[in-house]
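User: I would like a close look at the salt bridges in this model, please. Which side chains pair, and how exposed are the residues involved?

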Amino acid sequence: MAIAEGRADLGVVADIADLTALQTRVIAQDQLVAVVSETHRISDQRSIAFAEIVGEPFVGLSDAALEAHLGERAARLGRQIYYRIQLRRIESVAMLVKCGVGIAILSEASAKDLAHLGLAIVPLQDPWALRQLHLCARDFSALTPHAGLLAQQLMESKAAIP
């Protein structure tokens, strides 16, 4: 919305967003994963369906588009996500997951940054859990020099952005 309304020059969004009014470039893939404590019942699984964990208590991010998307996915299953707590920082979410307060669903890139905490990372096997990340702008040719340079670097590097 901020880009379409002119409040921002560039953004990175998953393919779940409405991109019709924007110019976009795919810059990365984003696999969603369940992040659980090492003692959680799914910690040793290679992958898991969202339907198998949607009834668990969750720890999530506040004001995050991902949480809204997960809520929509739960509703399609006739379920609702129960958040014990929502926090602003991924590191805080991870610490509560480690303590067994709940599970989290994060991007794989974000979860890998938390590997040093001793958490189990279990990929979601649902097709929608593998998303494309898009760099977007109203008009790439009309970007300011600084925004244009950043866009060029992101498109060239195809860097995974958590």
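Analyst: What follows goes through the salt bridges one pair at a time.

The model is a predicted one, and the count of salt bridges in it comes to four; three of these are described here, among them the pair of Glu56 and Arg41. As general background, side chains of opposite charge can pair when their charged atoms come close.

The side chains of Glu56 and Arg41 form a salt bridge with an N to O distance of 2.8 Å. This pair links distant parts of the chain, since Glu56 and Arg41 are 15 residues apart, although each lies in the loop between β2 (23-36) and β3 (57-61). With a relative accessible area of 15%, Glu56 counts as buried, because the cut-off for buried is under 20%, whereas Arg41 is partly exposed, with a relative accessible area of 48%.

A salt bridge also joins Arg7 to Glu5, and here the closest N and O atoms are 2.8 Å apart. Arg7 has a relative accessible area of 58% and is therefore exposed, the cut-off for that class being over 50%, while Glu5, with a relative accessible area of 47%, is partly exposed.

Arg89 and Glu91 provide a further salt bridge between their side chains, with 3.5 Å from N to O, a value that falls within the 4 Å that the assignment requires. Of this pair, Glu91 is partly exposed, at 41% relative accessibility.

Taken by residue, then, the acidic partners include the buried Glu56 as well as the partly exposed Glu5 and Glu91.

Note on methods. Residues numbered from 1 in each chain as written. Predicted model: local features only at pLDDT ≥ 70, side-chain atom pairs only at ≥ 80, totals over all residues. Heavy atoms only, no water. Buried < 20%, exposed > 50% of the residue type's maximum accessible area, 1.4 Å probe, protein only. Helix = DSSP H or I, 4+ residues; strand = E, 2+ residues; numbered from the N terminus.
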